[in-house]
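The following report describes a structure shown below, moving from a single residue pair outward to sheets, helices and cores.

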Amino acid sequence: MFLRNYWYVGAYSDEVTCEPLGRVLLGEPVVLYRTEAGAPVALEDRCAHRLLPLSMGKVIGDAIQCHYHALEFDGTGACVRIPGQERIPPQMKVKSYPVVERDNCVFVWMGDAKDADESKVPEIFGKLCQDGWSATKVHCHVEGNYQLVIDNLLDLSHLATVHASTVGSMHVADMANVETERDGDRVKVSRWTMDVPAAKTYQQFGNYESNIDRWQISEFFPPSYFRINNGSAVAGTGAREGTGEKPWDFWVCHGITPSTQDSTHYFWHLGHRLWTDNMADVEQFYEQCYGVVGEDIAVFEAQQKTINLDPAAPMREIGYDAGPLLARQIIDRLLQEEAAQKSGKAA
Ligand code: FES
Ligand SMILES: [Fe+2]
């Protein structure tokens, strides 16, 4: 079950071209491409004739041509050409999805098209596109359920072990002061770890000569977006008050789009004020961060494999699960509301 009445990241802008891109979003096959004028289009990736994915075909003008028998569908999903016949049956069409392009992303509305409201496109990645900032991004296909990713990002104690060679140290699990707040359907988990030696990444790029105070502020909002600020300053110089010396921080924004029940499109976008003009240093920092993403994905995929062996195996809770549990409760409630709304509409 997925929340449907939301805008999801379907692709980064630079992934959508005049070459069709096939992607499964919320269990539905979707093909993305651009018209001649450059507008993004999202259609059902399943030809109305014999169900071949349209993404195997090619874009001709503003339409997409199926690879099998050359039927063509325009950006509204209407069939506009059947080779060898004049008549186009009205049922020969595919679903079209509302799309909005913003902040380097193509957002796709996965609910009823008539409910698509552009004002609800999340302001998620815009912060990372500011002047004087540098940013990088990756899209990963994860063989794991999207809620495993949400759990992970609301409990950053896992840096202690999963990312011990770069951004983590045992202090963030053992010594963090953690506060979990809920504001409507948003969840914020703030972690402060005071007066500890800098983990490798912080030492290398923050250039600290003494202990640091470090923060990890993770904000979740439905259906599955995150904005996370990670940073540090010299210990005891007022990091929490915003006056810390040698502050060094970065933001990671995440768009998590379920693909199937046990796979996920993970749009990970990192940005920061430039702390150096040595771009080789910045590239090294990014390399460490890509490694961090890979370490998380290895965890999600291993979890999913054990879940698949026995889907009924229970998960037990610890104190740090307060944030993940809140997010799961919010998603469950919203799923129930959508189901009730749908059955009300059907009645
Ligand atoms: S399957 Fe697409 S044209 Fe026949
Ligand atoms: Fe992680």
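In strand E3, Val-30 is the bridge partner of Arg-23. The model is a predicted one, in which local features need pLDDT of at least 70 and side-chain atom pairs count only at pLDDT 80 or more, while totals for chains, interfaces and linings use all residues. Residues are numbered from 1 along each chain as its sequence is written, chains are lettered from A and ligands numbered from 1 in the order in which they are written, and side-chain values use heavy atoms, with hydrogens and water left out.

Arg-23 belongs to strand E2 (residues 21–25), whose covered face consists of Leu-21, Arg-23 and Leu-25, whereas Gly-22 and Val-24 make up the uncovered one. Helices (H or I, at least four residues) and strands (E, at least two) are DSSP runs, numbered from the N terminus, and two strands pair if DSSP finds at least two bridges between them. E2 and E3 (residues 28–34) are paired in the antiparallel sense over five bridges, and they form a hairpin with two residues between them, where Leu-26 in the turn has a positive phi of about 50°.

Two open sheets can be described by their strand order. One has seven strands in the order E12-E18-E17-E16-E15-E14-E13, with antiparallel pairing; E12 (133–142) and E13 (177–183) stand at its edges with a single partner strand each, so one side of each is left without a neighbour in the sheet. Neighbouring strands of this sheet are turned by 15° against each other on average, direction ignored. The other sheet has four strands, ordered E5-E6-E7-E8, and is likewise antiparallel in its pairing; E5 (58–60) and E8 (79–81) are its edge strands, each with a single partner, so one side of each lacks a neighbour in the sheet.

The table lists one strand pair from each of these sheets.

| Strand pair | Residues | Bridges | Bridge partners |
|---|---|---|---|
| E14 and E15 | 186–196 and 212–221 | eight bridges | Trp-192 and Trp-215 |
| E6 and E7 | 63–65 and 72–73 | two bridges | Ile-64 and Phe-73 |

Helices also pack on the seven-stranded sheet. Helix H1 (residues 146–154) touches E14, E15, E16 (225–234), E17 (248–260) and E18 (263–273), and its direction makes about 160° with that of E17. Helix H5 (residues 279–309) touches E12, E17 and E18, and its direction makes about 25° with that of E12. Contact here means heavy atoms within 4.5 Å, and the axes are lines fitted to C-alpha atoms, for helices over the stretch in contact, with angles running from 0 to 180 degrees between N-to-C directions.

A nonpolar core is a set of buried Ala, Val, Leu, Ile, Met, Phe, Trp, Tyr and Cys residues joined through side-chain atoms within 4.5 Å, where buried means under 20% relative accessible area, exposed over 50%, and partly exposed in between (1.4 Å probe, protein chains only). In the largest core, of 64 residues, Leu-32, Ile-150 and Tyr-266 touch the most other members, and H5 gives the largest share, eight residues. Domain 1 (7–120) and domain 2 (126–335), whose bounds come from an automatic or database domain assignment, both contribute residues, so this core lies between them. Leu-32 touches, among others, Gly-10, Val-41 and Val-108, not counting residues up to four places away in sequence. A second, separate core of 17 residues includes Phe-107, Phe-125, Leu-128 and Cys-253.
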